[in-house]
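Have your viewer ready, with the selection box at hand. We will go stop by stop, picking residues and looking at what sits around them.

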Amino acid sequence: MQDFDLIETPESVELQRRLAGIGSRFIAGLLDNLLIALMYLILFVMFIAAGIDVVDNFSISSAVEMWLRAIIILIAFSIYWGYFVLFEMWTNGQSPGKKYMKIRVVQEEGGGITFNSIAIRNLLRAVDAIGGYAVAGIVMFVTKKVQ
């Protein structure tokens, strides 16, 4: 693993930056996923308190229940996708887990990340998650910059 990355500016000045390792990325991801799980738990308790049965073996008996389940799925997706997108946009590439580990997402050239790159990166998170993040882990081990 390469600990540092050299970036050459148009003025031929070399800048050095520290790369985040697998361990710090793992801990940041674990912390973020624990926060997301806490949000899901709060959402679940709110639905139960409102009298909405969210674990009824999906025996949909009415159109209202069908719409409620669709709304629940949409909210769950919005929490997961929105968590990373909003935090990374508002805090310059850092989710709470990344902030705790003092790492951030940047462009390959070292510049700040844009909304489009954040959105695409987080939509592709589903591919990374295949096999319990095995795909992401394998790719990180075989790439030069542990990406």
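Start by selecting K98, which counts as buried because its relative accessibility is 10%, under the 20% cut-off for that class. Keep in mind throughout that this is a predicted model.

**Stop 1: around K98**

Colour helix α3 and you will find K98 in it. Now show what touches this lysine. Leaving aside neighbours within four places in sequence, K98 is in contact with A28, D32, F84, E88, G93, I103, V105 and R121.

Pick E88 from that set. K98 and E88 form a salt bridge, with their closest N and O atoms 2.8 Å apart. Because K98 lies in helix α3 and E88 in helix α2, the pair ties together parts that are ten residues apart in sequence. Side chains of opposite charge can pair when their charged atoms come close.

**Stop 2: E88 and its other partner**

Is E88 buried or exposed? E88 counts as buried, at 1% relative accessibility.

Add R121 to the selection. The side chains of E88 and R121 also meet in a salt bridge, at 3.3 Å from N to O. E88 belongs to helix α2 and R121 to helix α4 (residues 115-123), so this pair ties together parts that are 33 residues apart in sequence. With K98 shown as well, you have one network: salt bridges that share partners join E88, K98 and R121. R121 is partly exposed, with a relative accessible area of 34%.

How many salt bridges does a search of the whole structure find? The search finds two.

**Stop 3: along helix α1**

Next, select residues 22-49, which make up helix α1. If you like a quick check, put a distance label between the end C-alpha atoms: they are 40 Å apart, which agrees with the 40 Å that 28 residues should span at 1.5 Å a residue.

Show the side chains of S24, A28, D32, I36, L43 and F47; in α1, these are buried. What do the buried residues of α1 pack against? They pack against α2 (63-90) and α3. Two of them, A28 and D32, are already familiar from the contacts of K98.

An α-helix has 3.6 residues a turn, so residues three or four places apart point the same way.

Switch on a surface and select L35, L38, M39, L41, I42, F44, V45, M46 and I48. These residues make a nonpolar surface patch of about 780 Å². Zoom in on I42, a member of α1: I42 is partly exposed, with a relative accessible area of 45%.

Then step past the end of the helix. α1 is followed by G51, whose phi is positive, near 85°.

**Stop 4: L68 and I52**

Jump to L68, which lies in helix α2. L68 is partly exposed, at a relative accessible area of 29%. Draw a distance from its C-alpha atom to that of I52: these two residues are 16 apart along the chain, and their C-alpha atoms are separated by 8.3 Å.

**Stop 5: two loop residues with positive phi**

Select N92, in the loop between α2 and α3. Its phi is near 55°, a positive value in a residue other than glycine. N92 counts as partly exposed, at 47% relative accessibility.

Now go to K102, in the loop between α3 and α4. Phi of K102 is also positive, near 60°, and this residue too is not a glycine. At 66% relative accessibility, K102 counts as exposed.

**Last stop: the whole chain**

Zoom out and show the cartoon. The chain has six helices and two strands, and from the N terminus on they run β-β-α-α-α-α-α-α. Of its 147 residues, 27% count as buried. Among contacts between residues at least 6 apart in sequence, 51% join residues at least 24 apart. The chain exposes about 10000 Å², and carbon and sulfur atoms supply 70% of that area.

Finally, colour by confidence. The mean pLDDT is 79, and 78% of the residues reach 70 or more. Which elements have the lowest and the highest mean pLDDT? Strand β1 (residues 4-8) has the lowest, 57, and helix α3 (residues 96-101) the highest, 92. Where pLDDT is low, the predicted coordinates should not be read in detail.

Technical notes
Residues are numbered from 1 along each chain as its sequence is written. This is a predicted model: local features need pLDDT of at least 70, side-chain atom pairs count only at pLDDT 80 or more; totals for chains, interfaces and linings use all residues. Side-chain values use heavy atoms; hydrogens and water are left out. Patches are made of residues with over 30% relative accessible area and no salt bridge: like charges are joined within 9 Å, nonpolar side chains (Val, Leu, Ile, Met, Phe, Trp, Tyr) within 5 Å. Accessible areas come from the Shrake-Rupley method with a 1.4 Å probe; for residues, only the protein chains shown count as cover. A salt bridge is a side-chain nitrogen of Lys or Arg within 4 Å of a carboxyl oxygen of Asp or Glu. Helices (H or I, at least four residues) and strands (E, at least two) are DSSP runs, numbered from the N terminus. Buried means under 20% relative accessible area, exposed over 50%, partly exposed in between (1.4 Å probe, protein chains only). pLDDT is the predictor's confidence in each residue, from 0 to 100. The expected span of a helix is 1.5 Å times one less than its number of residues. Contact means heavy atoms within 4.5 Å.
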